[in-house]
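Please look through the sequence and the structure below, and then follow the explanation from the sheet to the cores and on to the chain overall.

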Amino acid sequence: MPINKTPMKFINNRFALAFFLLVFTSFVTSAQEIIKDSVVSSPIIKKQSTGKLKIDGIIATVGDYIILDSDIDKSFLEISAQGGSVKDITRCQMLGKLLEDKLYAHQAVQDSIVVTDSEVKGMMEDRLRYMVEQIGSMEKVVQYYKKDSEEEFRSYFSDILKEGRLTSEMQKKIVDAVEITPEEVRNYFKTIPKNDLPFFGVELEVAQIVVTPKVSAEDKQKVIDRLNGFKKEIEEGSSFSTKAVLYSQDPGSRATGGYYKMNRRTPFVKEFKDVAFSLAEGEISAPFETDFGFHIIYVEKIKGQEIELRHILLAPVATEASLAEAKEKITLIKKRIEDKEITFAEAARTLSDEKETRANGGALINPKTQDTRFELTKMDPVFYSQVSNLKTNQISEPILDQTEEGKKKFKLITVTNRIDEHAADYAKDYIKIKDLALKSKQITAIGKWFDEKIKETYIKIIGEYRDCDFTNNWLKK
């Protein structure tokens with residue numbers, strides 16, 4: 001969970017810029033081109049605002065990747081286009097970030113990290129839709145990137161997306177390997193002077209009861225029939241990926257054409273995993289149901305215990321009559337609690353339709369911290385509006401909620417505990433302190449990784465940029 005005050009002198013800041021720019025990585029990366037040295041036969045001349053001419057050529061090489069001087073300008077433009085401020089970022093700092101991205105991508109290839117064409121294709125379709133929405137047409141997108149045709153642009157953009165995915169997968173591999181013990185957390189906390197302790201704002205513990213409208217067998221059958229129609233069209237030659245992009249209601253995979261990579265330890269619902277691992281490579285499942293709705297799965301590749309698949313999710317739509325019935329039920333539950341016939345926790349355990357919270361008396365878990373506390377000022381705006389004015393143990397009016405998958409439900413919310421703003425306390429705030437300690441250790445691990453990989457990788461920086469005061473030892477002095 002984010003905090004209001006951080007002991008900055010105790011967190012290594014060598015990658016502060018990198019973490020700031022990480023928000024924009026997918027867009028910054030899209031401004032960079034992977035070009036072998038042999039491809040650039042002559043420099044490009046561009047005019048600066050001073051009126052002087054400046055040569056736009058290769059300014060750095062990292063393994064098989066190069067960086068052009070114009071890549072720095074494009075990176076600044078992309079960050080500004082996304083609403084970010086670049087006033088405190090120098091060209092040397094931006095080059096340092098680009099060098100990091102190239103080293104990540106280069107090492108990912110050395111470590112045999114694979115990014116499949118299907119992954120890239122799924123990402124491309126999502127990005128292209130976004131670009132067309134922003135610019136107006138595919139033709140204008142091609143013109144904006146100064147390409148001669150859509151085919152040339154797609155080839156160019158495919159390389160960019162692949163490099164970006166390699167970069168993120170390499171970063172993930174480094175960070176995921178870092179673990180922390182309770183003793184390390186305790187030692188980290190001891191190093192923080194009392195005056196520099198993190199400060200946490202008001203936090204709430206929240207519970208809820210959910211009533212889901214019933215869906216008729218007829219409405220379910222309509223969804224099943226539609227999925228069977230998709231399956232038939234795909235078996236006759238249609239693209240599963242395109243169908244998923246256009247019709248799937250799964251926000252987590254729709255943009256990538258329904259793509260997931262998973263093994264038996266991946267935290268998917270049991271029904272989904274059972275079907276996925278029962279299919280042969282190239283096979284499409286029959287429609288099946290989970291708590292999220294109805295799915296079909298297509299298995300693209302099987303690699304030992306890991307599979308790459310695509311899926312389409314459709315959720316049946318509740319009728320107005322079933323919505324009214326659900327609202328009436330949850331209103332009666334609220335009255336029974338207020339009349340003290342039953343406690344909120346007992347009602348959640350026996351009457352709520354939400355399996356994830358039912359066993360804990362409706363208590364919600366913060367997905368960012370995995371504890372029960374939600375910092376008031378850091379809440380999702382919709383969630384904030386629902387709980388911010390509730391007093392402890394007060395029950396909200398029935399709230400009509402809609403999931404990202406499009407399913408509607410009614411819920412009651414109550415605040416079970418309120419924790420006032422306070423300086424970090426080791427016993428009370430262990431989970432958040434553990435998160436801070438882990439981030440500090442991850443930053444240290446990334447720093448060590450850069451030190452090692454820079455030494456063993458071919459890196460060359462040309463011209464005025466050799467005078468930069470880089471955080472990392474790119475010049476190998």
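Helices (H or I, at least four residues) and strands (E, at least two) are DSSP runs, numbered from the N terminus. Contact means heavy atoms within 4.5 Å, while axes are lines fitted to C-alpha atoms, for helices over the stretch in contact, with angles running from 0 to 180 degrees between N-to-C directions. The model is predicted, so that local features need pLDDT of at least 70 and side-chain atom pairs count only at pLDDT 80 or more, whereas totals for chains, interfaces and linings use all residues. Residues are numbered from 1 along each chain as its sequence is written, and side-chain values use heavy atoms, with hydrogens and water left out.

Helix H12 (residues 320-338) lies across strands S6 (203-211), S12 and S13, and runs at about 30 degrees to S13. These three strands belong to an open, antiparallel sheet of four, ordered S11-S6-S13-S12, where two strands pair if DSSP finds at least two bridges between them. At its edges are S11 (373-375) and S12 (399-402), each pairing on one side only. S12 pairs with S13 (residues 408-419) over four bridges, and aspartate 401 has lysine 409 in S13 as its bridge partner.

A nonpolar core is a set of buried (under 20% relative accessible area, 1.4 Å probe, protein chains only) Ala, Val, Leu, Ile, Met, Phe, Trp, Tyr and Cys residues joined through side-chain atoms within 4.5 Å. The largest has 47 residues, of which Leu95, Leu99, Phe153, Phe157 and Trp474 touch the most other members. A second, separate core of 16 residues includes Ala326 and Phe410.

Overall, the protein has 16 helices and 15 strands, and buried residues make up 46% of its 477 residues.

Notes. Buried means under 20% relative accessible area, exposed over 50%, partly exposed in between (1.4 Å probe, protein chains only).
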